[in-house]
Amino acid sequence: MSSIQVFNTLTGKKEEFVPINGNKVSLYACGPTVYDSSHLGHARKEIVWDVIQRYLRFKGYDVTFVRNITDIDDKIINRAKELNIRPDQLARHYLYEFWADMYALNVAPPDIEPRATEYLQQMIGMAEDLVKKGKAYEAGGDVYFDVSASKDYGKLGKKNIEDLKSGAREQVRSQEELKELKRNPVDFALWKSASEGETGWTSPWGFGRPGWHLECSSMIKSVLGETIDIHGGGEDLVFPHHENEKAQSEALHEKPLAKYWLHNSFINVSEEKMSKSLGNFKTIGDLLKEYSADTLRLFILQHHYRNPIEFSPESMNAAKQALIRLVRASLFAEYEENGGGFYPSKHYRFNEKVAAAYKRDKTLSEFHDEFVGSMDNDFNTAVAVSHLFGLADKISASKDAAERKLRAKALKDYAGVLGLTLADTRREVDRNSTEQVLALLLQLRQDARANKDFKTSDLIRNELAKVGISVMDTAEGPTWEKT
Ligand SMILES: [Zn+2]
């Protein structure tokens with residue numbers, strides 16, 4: 001098995017990916033805070049991590065992919081207050097919406113999906129252990145991590161601790177209540193006190209809530225252990241979120257939290273980051289009304305995950321046209337149902353017989369090497385996708401039916417490693433179009449009757465009856481019903 005090179009944010013360079021424990025790979029990517037609808041930027045993050053975990057499985061690794069849900073957070077509490085509903089109601093609503101979006105985008109569910117509110121005991125325990133170890137301290141019902149207890153704080157986010165201190169001092173001046181509590185302005189909260197009646201839990205320090213960073217640290221420990229292979233997320237999480245997760249976990253366990261830190265870039269609209277706070281985003285739901293899931297995925301994968309993407313309707317339409325090239329070529333393969341099930345394509349590795357058949361075809365064998373070569377190079381989907389197009393063009397140009405069929409099947413399989421379904425869009429003709437087609441048939445039948453061409457009008461009626469559509473003549477004209 002050829003090795004994968006990954007760009008490690010921690011070291012700032014590409015490194016050979018060697019899992020800690022043989023063939024097993026533990027992968028944790030920070031999931032959504034469920035307080036609002038997800039937008040294209042979130043879709044990119046989830047699609048990037050979906051492709052990474054698919055590719056690792058394709059390579060034969062035994063992957064445990066964890067994506068958490070932050071279902072308690074100040075953003076959730078504040079939004080719920082605005083709407084005058086309970087924070088858990090709000091979180092549940094947006095969690096269900098997130099799941100529906102992921103399903104629609106063909107993002108496979110993670111192996112484990114811990115929710116912050118299920119791990120309160122573990123979070124409290126971790127904060128207690130840090131206090132006991134002298135790495136954190138209690139102040140006024142809050143618990144803060146003592147940043148001076150961390151050897152290399154700022155290393156992940158490439159920050160200088162003195163700059164951070166002066167920056168934080170500025171901030172603290174505007175937050176009077178924190179001034180007295182923190183020993184050092186850079187210290188961050190593991191636990192925040194809350195007044196009774198607010199959302200919170202009882203703890204050794206009184207009623208309160210966990211800090212966001214502590215949530216991930218304790219969920220990682222609970223479901224994967226003290227050190228994992230890959231920790232990932234959007235590049236906005238590098239600092240302070242991942243820096244703080246790293247500082248507190250490593251201060252407690254005295255071993256690295258993750259061997260590799262991988263971060264994906266954003267989607268920009270007119271060179272500004274697409275985000276909720278800037279209000280320049282399109283929700284996934286909105287986008288899926290205009291574009292298919294494959295179009296969105298292709299648009300995203302045509303860029304390397306570490307490069308920003310500029311969003312525009314023109315570039316989306318270009319992806320839509322490009323997708324047609326792949327779908328047309330894939331139609332030479334016989335249609336196969338996906339098998340269904342809860343997690344239909346958990347193993348993206350091809351079975352031996354299929355892989356051997358692909359290897360015997362020279363074009364496919366060359367294509368395989370190019371595809372794997374580009375994906376091994378820090379998951380360069382932009383190049384991998386260009387090889388899919390190359391293969392599609394060869395399929396369309398081929399005159400040999402058996403060869404075409406085999407290569408078209410391969411095209412679908414390799415596209416599937418990237419999560420592209422290459423679904424035949426003709427199968428998705430919607431109800432609206434169906435009704436228009438039926439109206440046209442009824443009109444043709446009316447015209448035939450008017451011309452006394454009863455052979456044609458009967459033919460239309462009888463053929464429609466065969467597919468379960470019964471035509472009726474009423475005073476207002478002909479209509480139909482499903483029988
Ligand atoms: Zn996190």
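Let's start at one residue, Cys-30, which counts as buried at 4% relative accessibility. Keep in mind that we're looking at a predicted model.

What does Cys-30 do in this model? Its SG atom is one of the protein donors of the zinc ion, alongside Cys-216 (SG), His-241 (NE2) and Glu-245 (OE), with the donors lying 2.0 to 2.6 Å from the zinc. The angles that the four donor atoms subtend around the zinc ion run from 73 to 126°, so the arrangement is irregular. A tetrahedral label would need all angles to lie between 85 and 135 degrees. Along the sequence, the donor residues follow the spacing C-x185-C-x24-H-x3-E. Cys-30 and His-241 link distant parts of the chain: Cys-30 belongs to the loop between β3 (24-29) and α1 (40-58), while His-241 is in helix α8, 211 residues apart. His-241 is buried too, with a relative accessible area of 1%.

Now follow His-241 into its helix. Helix α8 covers residues 238-253, and 14 of its 16 residues are buried, so the rest of the structure largely encloses it. Right after α8 comes Glu-254, which takes a positive phi of about 55°.

Helix α8 also brings us to the aromatic rings. A pair of aromatic rings is described by how far apart the centres are and by the angle of the planes. The count of aromatic pairs here comes to 21. Take Tyr-153 and Phe-239: their ring centres are 6.2 Å apart and their planes meet at 65°, so this pair is edge-to-face. This is another link between distant parts of the chain, with Tyr-153 in the loop between β6 (142-145) and α5 (161-173), Phe-239 in helix α8, and the two positions 86 residues apart. Are the two partners buried or exposed? Tyr-153 is buried, at a relative accessible area of 8%, whereas Phe-239 is partly exposed, at 22%. Phe-239 has a charged companion as well: the charged end of Lys-159 sits over its ring, 5.1 Å from the centre. Arg-183 does something similar with Tyr-137, its charged end sitting over the ring at 3.9 Å from the centre.

Let's step back to the domains. The protein is divided into domain 1 (5-272), domain 2 (291-426) and domain 3 (430-482). The centres of domain 2 and domain 3, taken over C-alpha atoms, are separated by 41 Å.

What joins domain 1 and domain 2? Look at the largest nonpolar core, which has 84 residues; Leu-56, Phe-371, Phe-379 and Leu-388 touch the most other members. Helix α1 gives the largest share of this core, 10 residues. Both domain 1 and domain 2 contribute residues, so the core lies between them. As a general point, nonpolar side chains in soluble globular proteins tend to be buried together.

Aromatic residues form a group of their own: Tyr-55, Phe-58, Tyr-305, Phe-350, Tyr-358, Phe-367, Phe-371, Phe-379 and Tyr-414 make up one aromatic cluster. Two of its members, Phe-367 and Tyr-414, are each buried at 3% relative accessibility.

Conventions: Residues are numbered from 1 along each chain as its sequence is written. This is a predicted model: local features need pLDDT of at least 70, side-chain atom pairs count only at pLDDT 80 or more; totals for chains, interfaces and linings use all residues. Side-chain values use heavy atoms; hydrogens and water are left out. Buried means under 20% relative accessible area, exposed over 50%, partly exposed in between (1.4 Å probe, protein chains only). Helices (H or I, at least four residues) and strands (E, at least two) are DSSP runs, numbered from the N terminus. Domain bounds come from an automatic or database domain assignment. Rings of Phe, Tyr and Trp (its six-membered ring) pair if their centres lie within 6.5 Å; planes under 30 degrees apart count as stacked, over 60 as edge-to-face and the rest as tilted. A charge sits over a ring if NZ of Lys or CZ of Arg is within 6 Å of the ring centre and within 35 degrees of the ring normal. Donors are N, O and S atoms within 2.8 Å of the metal (3.2 Å for Na, K and Ca); water is not among the atoms, so sites may look incomplete. Four donors count as tetrahedral if all angles lie between 85 and 135 degrees; four count as square planar and six as octahedral if opposite donors are over 155 degrees apart and all others between 65 and 115; anything else is irregular. A nonpolar core is a set of buried Ala, Val, Leu, Ile, Met, Phe, Trp, Tyr and Cys residues joined through side-chain atoms within 4.5 Å.
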